[in-house]
Amino acid sequence: MLTGAQVAAYARDGYLAVPDFLAPRTCAALIDRAEQIAAEQAPTGPRSRFSTTEQARSSDAWFLGSGDQLRCFFEADAFTPDGALRVAPERAVNKIGHALHDLDPGFAEVSYDPRLVEIAAAIGMRAPLAVQSMAIFKQPGVGGEVAWHQDATFLYTEPLSVVGFWFALEDATRDNGCLWVAPGEQRGPLRRRFRREGDGVGFALLDAAALPGPTEPVALPVRAGTLVLLHGLLPHWSGANRSPRRRLAYSLHCVEADAVYPADNWLQRGPQLPFRRLAAGSPLARAGALV
């Protein structure tokens, strides 16, 4: 799936864009399914707000119990100061998380695509486990900023091993909040860990160096269907979406099966839905995919 030059570019830069990984019909099917989940859950479900700039405060019980669920979270900017929604509930959803890859046939089909196993092997992963997934809406007008961060902050393992597979389901542009990356900065240290602390969560400071580091950030506008690989230590960011165009993406995170996954990581699952290796495939996908 990847050429030698692409593997070298990923090793150098900490990210790689692979155009046309998903067919247009696959993007359309996943968009339809994400919109369906939002339309079904958002009007009557809990209105849990999600903000990366206030992550600890926005992590309530609905969020902390979502590791093996399909749950909607709302954009903080979609609410007025008195708590009313500025837009229809389904247009205020920030994301759906965090087990789409194991609970929805269409997203499972993409997540356990054998091509991902080949790509993971090409970039050095030995036995990747799929641990987290999100449909990220970046809604027009109210889509919030995603602050500079490293994915290993939130999906920590010993040794560090997380890799992000980020799929553009719609065009991502500078106007609607495309990814920005700091090439090469994955060689730096992990700055923080986001972990459970009693009944809540907090950040443990590991290194005081500021993100994204000294490298000049690079915008990463991509067309729908593009797969972006993100090293777990690579600083990345996306701005608020104040344009009239949504930027819907699907994000899947994998860690090594033989790495230690601490019990104080924020994302945990019950025994009824264990993490699965990419190479094992998904029974849900085999039972009948949407794409």
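# Briefing: contacts, pockets and backbone features

Ala182 touches Asp13, Trp148, Pro212, Thr215, Leu234 and Pro235, leaving aside residues up to four places away in sequence. The model is predicted. Ala182 sits in the loop between strand E8 (179-181) and strand E9. Its neighbour list leads into helix H1, where Asp13 is one of the buried residues. The points below cover that loop residue, the helix, two pockets, a hairpin and the unusual backbone angles.

**Ala182 and its surroundings**

- Is Ala182 buried or exposed? Ala182 has 0% relative accessibility, so it counts as buried.
- The C-alpha atoms of Ala182 and Val218 are separated by 6.2 Å. Along the chain, these two residues are 36 residues apart.
- The contacts of Ala182 include Trp148 and Thr215. Pro212 and Pro235 are also among them.

**Helix H1**

- Helix H1 spans residues 4-13, and its buried residues are Ala9, Tyr10 and Asp13. Seen down the helix axis, these buried residues fall within an arc of 100 degrees, so they line one face of H1.
- An α-helix has 3.6 residues a turn, so residues three or four places apart point the same way.
- Gly4 and Ala11 are exposed on the other side of H1.
- What covers the buried residues of H1? The cover includes strand E1 (15-18), strand E7 (163-168) and strand E12 (227-231).
- Gly14 comes just after H1 and takes a positive phi of about 85 degrees.

**Largest pocket**

- The volume of the largest pocket is about 680 Å³.
- Its lining has 40 residues, and those nearest the centre are Phe50, Thr52, Lys95, Val146 and His149.
- Which elements give two or more residues to this lining? They are E4, E5, E6, H8, E7, strand E13 (236-238) and strand E14 (249-256).
- E6 supplies the largest share of the lining, with four residues.
- By class, the lining of the largest pocket holds 17 nonpolar, 14 polar and nine charged residues.

**Second largest pocket**

- The second largest pocket has a volume of about 190 Å³.
- It is lined by 14 residues, and the closest to its centre are Leu160, Ser161, Val162, Val163 and His231.
- The class split for this lining is eight nonpolar, four polar and two charged residues.

**Hairpin E9-E10**

- Strand E9 (residues 192-197) and strand E10 (residues 200-205) pair in the antiparallel sense. Six bridges join them.
- Glu197 has Gly200, in E10, as its bridge partner.
- How many residues lie between the two strands of the hairpin? There are two residues between E9 and E10. Gly198, in the turn, has a positive phi of about 65 degrees.

**Cis peptide bonds**

- Gly97 and His98 are joined by a cis peptide bond, with omega about 0 degrees. His98 is placed in strand E4 (residues 93-98).
- The peptide bond from Glu158 to Pro159 is also cis. Its omega is near -5 degrees. Pro159 lies in the loop between helix H8 (151-154) and E7.

**Positive phi outside glycine**

- Asp20 is not a glycine, yet its phi is positive, at about 60 degrees. Asp20 is in the loop between E1 and helix H2 (24-41). At 65% relative accessibility, Asp20 counts as exposed because the cut-off for exposed is over 50%.
- Lys138 is not a glycine either, and its positive phi is about 45 degrees. The residue is in the loop between strand E5 (128-136) and strand E6 (146-149). Lys138 has a relative accessible area of 2%, so it counts as buried under the 20% cut-off.

**Ala280**

- Ala280 is in the loop between strand E15 (276-277) and helix H9 (283-287).
- With 42% relative accessibility, Ala280 counts as partly exposed.
- How far apart are Ala280 and Glu170 in sequence and in space? They are 110 residues apart in sequence. In space, C-alpha to C-alpha, Ala280 and Glu170 are 29 Å apart.

Methods
Residues numbered from 1 in each chain as written. Predicted model: local features only at pLDDT ≥ 70, side-chain atom pairs only at ≥ 80, totals over all residues. Heavy atoms only, no water. Pairing = 2+ DSSP bridges. Buried < 20%, exposed > 50% of the residue type's maximum accessible area, 1.4 Å probe, protein only. Arc of directions from axis to C-beta. Contact = heavy atoms within 4.5 Å. 1 Å grid on protein atoms, 1.4 Å probe; cavity = no way out; pocket = protein on both sides within 12 Å on 5 of 7 lines; lining within 4 Å. Points joined across faces, edges and corners; volume = space filled by probe spheres on them. Nonpolar A, V, L, I, M, F, W, Y, C, P; charged D, E, K, R; others polar.
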